[in-house]
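Let's take a walk through this structure together. Have a look at it first, and then read on.

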Amino acid sequence: MKSKKKKLGGNDTRFAYALLAPSLILLVLLIGYPMIYNIVISFQDVPINPRMASEFVGLDNFKAVFQDKSFYQSVFVTLIFTVLVTAVSTVFGLAIAVFMNREFVGKKLVNSIIILSYVVPAVCLIFAWRYMFNNIYGIINYIIVDVLKLADEVPLWFDQPASAFILVTIFAIWKFYPYAYMSFVAILQSVDKSLYEAADMDGATSWQKFLAVTYPAIKPTLVTVVSLRTIWVFYIYTEVYLLTKQVNVLGVYLYDMAFATHDFGKAAAISIVLFVVIFSLVMLIRKKVLRVEED
């Protein structure tokens, strides 16, 4: 019997690997090869002309990265942007999820409206925002200048670094808060309603019920949402780049380094530095999540 089970297990394993082989080969070609090539060119001076040979420069690209003031400025902007978007979108999503955790007429319609910004393609939302804040015919400028008379001149929203950063941050919060909302709604629906009823009988306030009942239930989900959102926002590129060129987050900085200045070696070195940072962050987050689940 043992030998028969072993034989069947071996056959099953080989069959499973045979089924996975096409996907594994595809992953190696699409992910493995670019990663290895990226590491290789991070130690080289890569010319624009592909017919010219690359020159090995050792750690010069990494030294150039850490000596570049623009890199540190981009890191600073990205950190502020990541903290603001992650914190506000998570709190906002949680607040709406707690408020919506009840039955009322039209709940499905309201849910659909809430998650609309998350499911609509980002490009559509970006160009809608650019239209609203357009300097000539945008509805926001029309309301501020022509209707409310709050300003004499049309603000150049996406042409000034401060206002551009604020608008991009608000856009990212509005775009991503439904993810937190959906995550928290899913876990809140599994909380036993009798716990809230018992808290009401004890005279607990809404805040006390949140701390005693809601928070312990959502804590693992909260850690996961914050962790994933931090990683995703840290690497944001499309939303920022298409909205404005005035907010130099790391994704935009890396793109400009590779395709505007054509310094491919330095761009590869930056991507490796960011990979190490994100990988360390993921390991810390994974440790934190496992600890929360154990608790």
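The paragraphs below go from one helix to the cores and then to the aromatic rings.

This is a predicted model, in which local features need pLDDT of at least 70 and side-chain atom pairs count only at pLDDT 80 or more, while totals for chains, interfaces and linings use all residues. Residues are numbered from 1 along each chain as its sequence is written, and side-chain values use heavy atoms, with hydrogens and water left out.

Start with helix α10, residues 206–234 (helices are DSSP runs of H or I with at least four residues, strands runs of E with at least two, numbered from the N terminus). Its 29 residues span only 34 Å between the end C-alpha atoms, short of the 42 Å of a straight helix at 1.5 Å a residue (the expected span is 1.5 Å times one less than the number of residues). Along the way, α10 bends by about 55° at Y215, with a proline, P216, following within four residues; the bend is the angle between axes fitted to the seven residues ending there and the seven starting there.

Now turn to the interior. In soluble globular proteins, nonpolar side chains tend to be buried together. A nonpolar core here is a set of buried Ala, Val, Leu, Ile, Met, Phe, Trp, Tyr and Cys residues joined through side-chain atoms within 4.5 Å, where buried means under 20% relative accessible area, exposed over 50% and partly exposed in between (1.4 Å probe, protein chains only). The largest has 26 residues, and F81, V85, V240, L243, V247 and V249 have the most contacts inside it. Helix α8 gives the most to this core, with eight residues. Apart from it lies another core, of 18 residues, including I114, Y177, F184 and V225.

The aromatic rings come next. There are 22 aromatic pairs, counted when ring centres of Phe, Tyr or Trp (its six-membered ring) lie within 6.5 Å; planes under 30 degrees apart are stacked, over 60 edge-to-face and the rest tilted. F43 and F62 make a tilted pair, 5.5 Å centre to centre with 45° between the planes. F43 sits in the loop between α1 and β1 and F62 in helix α2, so the pair ties together parts 19 residues apart in sequence. F62 is buried at 14% relative accessibility, whereas F43 is partly exposed at 26%.

Elsewhere, ring pairs link W129, F133, W157, F158, F171 and W174 into a cluster.
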